[in-house]
Amino acid sequence: MQAASSFSFPKSQRLTRLSEYERVKRDGSARGGKLLQLSVVSVENSGRCRVGFVTSRRLGSAVVRNRVRRRLREIVRQHQNHLREGFWIVLVARKDAATAGYRALEHEWLRLARRASILL
């Protein structure tokens, strides 16, 4: 188990299975913004937060989708120690996220996370 002050973001802290994404969509609550949609579900005994990222083809080419996904992953990694435990989170990038800068995405993530009450 990793220390609480660790800034790594291993694959074990990400949602990887379709069934996990479906559970968040089915049982969770969603908050929307201009750049992102945040869906959250509380999962008992799950330990640290697990996060999944969705970047659809509407964003653009694979290069654009991967850039947005990398930025979102880095934003969550930087703020992972401020997240409450026991949640699964799915971040869906909207079309405007493809042209948004890192700071705009970070600001949107923090605003949505505060509204969803998942920040410490």
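Let me start with Val-40, whose bridge partner in strand 4 is Ile-89, and please keep in mind throughout that this is a predicted model. That pairing belongs to a longer arrangement, in which strand 2, residues 36-42, is joined to strand 4 by 7 bridges, with the two strands running antiparallel.

Strand 4 also pairs with strand 3, residues 50-54, and here the sense is parallel, over 5 bridges; within strand 4, Val-90 is the residue that stands opposite Gly-52. To get from strand 3 to strand 4 the chain passes through helix 2, residues 62-79, and this β-α-β crossover is left-handed, a point you may wish to look at in the structure above.

How many of the 7 residues of strand 4 are buried? The count is 6, and therefore strand 4 is largely enclosed by the rest of the structure.

Turning to side chains, the charged end of Arg-23 sits over the ring of Trp-88, at 5.2 Å from the centre of that ring. As for pairs between aromatic rings, a search of the whole structure finds 0 of them.

Finally, let me follow the chain past strand 4, residues 87-93, into the loop that leads to helix 3, residues 102-115, because Gly-101 lies in that loop. Is Gly-101 buried or exposed? Its relative accessibility is 34%, which falls between the 20% limit for buried and the 50% limit for exposed, so Gly-101 counts as partly exposed. Gly-101 and Arg-71 are separated by 30 residues in sequence, and their C-alpha atoms are 9.0 Å apart in space.

Terms used
Residues are numbered from 1 along each chain as its sequence is written. This is a predicted model: local features need pLDDT of at least 70, side-chain atom pairs count only at pLDDT 80 or more; totals for chains, interfaces and linings use all residues. Side-chain values use heavy atoms; hydrogens and water are left out. Helices (H or I, at least four residues) and strands (E, at least two) are DSSP runs, numbered from the N terminus. Buried means under 20% relative accessible area, exposed over 50%, partly exposed in between (1.4 Å probe, protein chains only). Rings of Phe, Tyr and Trp (its six-membered ring) pair if their centres lie within 6.5 Å; planes under 30 degrees apart count as stacked, over 60 as edge-to-face and the rest as tilted. A charge sits over a ring if NZ of Lys or CZ of Arg is within 6 Å of the ring centre and within 35 degrees of the ring normal. Two strands pair if DSSP finds at least two bridges between them. A crossover is right-handed if, with the strands pointing away from the viewer, the path from the first strand over the helix to the second runs clockwise.
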